[in-house]
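Reader: I should like to go through the terms applied to this model, one by one. Please set each value against its definition.

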Amino acid sequence: MKICIRELNKSYSDKQVLNNINLELENGMHGLLGPNGAGKTTFMRILTTLLPKTSGEITYDGIKVENKKEVRKIIGYLPQEFSLYPNMSVYETLEYFYLLSDIKPTKSKILCLLEEVHLETCKKLKVKALSGGMKRRLGIAIALINAPKVLIVDEPTAGLDPEERIRFRNLLSDFSKDKVIILSTHIVEDIALSCRSLTVIKEGNIKYSGKVSDFIKIGKNKVWKLPIDIDKLDDIKKDYLVVSTVLEEDRASLKIISEIKPKGAEPVNPTLEDAYMSLMQEVDENVLEIG
Ligand SMILES: Nc1ncnc2c1ncn2[C@@H]1O[C@H](COP(=O)(O)OP(=O)(O)OP(=O)(O)O)[C@@H](O)[C@H]1O
């Protein structure tokens, strides 16, 4: 599967929220990262045919996004918020969504799907008895009903405990072998640990698109460790972006993001989060293409 996005623009009334987006996505897991209001949900809703674009072209193996019926057959979507009937069992919920999708539900299909998302032992549980992570996994099972070639998931790990987040990431990684998975998140670690490529959107513009490993290079020579006396902390925070502070009695060890080396600081290797923070700090409007 190959998704081609060319010169995509979207405006709500006179407010432009996506600006000339160009992207090509193939099988594998792709991260979509950006601050609140960057345009991620709008972008995903356009990809899923739920929202019309203002201009541009989107194709799925050559099928245009305007061909809603065909495109919906190949897409599964897990939105940020989705509601289920609390008194239905897990099994009944899938049965119900099969019927809504116009696909005949059979016991073997439902059990197979439950196995895929590791909910086979919960089939009789009512939805209201599921944990947040279990509900999201049920959401993925629903999104997989039509055996999609593209799976789009919006903020799936927000609010999950570490164990469920790992389980969820692993689940998506398993599916990414033969699907395009687009994972939108605020959680940089989720991208670092599961995605091969990354697109960063800020204010409707692509600020970076490429390999996750290359993205980290953006933070090179911009991340510093600075030990200081604790009474200097407020002054330093006025001058620099401090991303972490470890306090030890009357001293503090700071991690700072800065284009210029702060006096007395040592360079440190950037993490993905450091690279993201340094990119968000940049005022430059140019798209970065590395690697
Ligand atoms: N229906 C709408 N009408 C008008 N403006 C909208 C509408 N939906 C979204 N917007 C605006 O479009 C911009 C992008 O919103 P969007 O929800 O796509 O961002 P996001 O990156 O998904 O944010 P978040 O991470 O907070 O979910 C925001 O400025 C938002 O206020």
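Reader: What makes domain 1 and domain 2 the divisions of the protein chain?
Author: The bounds come from an automatic or database domain assignment, which gives domain 1 as 2-211 and domain 2 as 221-269. The C-alpha centres of domain 1 and domain 2 lie 39 Å apart. This is a predicted model, in which local features need pLDDT of at least 70, side-chain atom pairs count only at pLDDT 80 or more, and totals for chains, interfaces and linings use all residues. Residues are numbered from 1 along each chain as its sequence is written, and side-chain values use heavy atoms, with hydrogens and water left out.

Reader: What makes Lys15, Asn36, Gly37, Thr41 and Thr42 part of the surroundings of the ligand?
Author: A residue is near a molecule if one of its heavy atoms lies within 4 Å of it. There are 13 residues around the ligand, and the five you name come nearest.

Reader: How do you know that Asn36, Gly37 and Thr42 make polar contacts with the ligand?
Author: A polar contact is a pair of N or O atoms within 3.5 Å. For Asn36, a side-chain N or O atom is 2.8 Å from a ligand oxygen. For Gly37, a backbone N or O atom lies 2.8 Å from an oxygen of the ligand. For Thr42, the side-chain value is 2.5 Å, again to a ligand oxygen. Each pair therefore meets the definition.

Reader: Which elements give two or more residues to the shell around the ligand?
Author: They are β2 (15-26) and α1 (40-47); helices (H or I, at least four residues) and strands (E, at least two) are DSSP runs, numbered from the N terminus. The largest share, three residues, comes from α1.

Reader: What makes the pair of Tyr85 and Tyr96 edge-to-face?
Author: Rings of Phe, Tyr and Trp (its six-membered ring) pair if their centres lie within 6.5 Å; planes under 30 degrees apart count as stacked, over 60 as edge-to-face and the rest as tilted. A search of the whole structure finds three aromatic pairs. In the pair of Tyr85 and Tyr96 the ring centres are 5.6 Å apart and the planes stand at 80°, so the pair is edge-to-face. Tyr85 is in the loop between β6 (75-78) and α3 (90-100), whereas Tyr96 is in helix α3, 11 residues apart.

Note on methods:
Polar contact = N/O pair within 3.5 Å; in protein donor to acceptor, adjacent residues only side chain to side chain.
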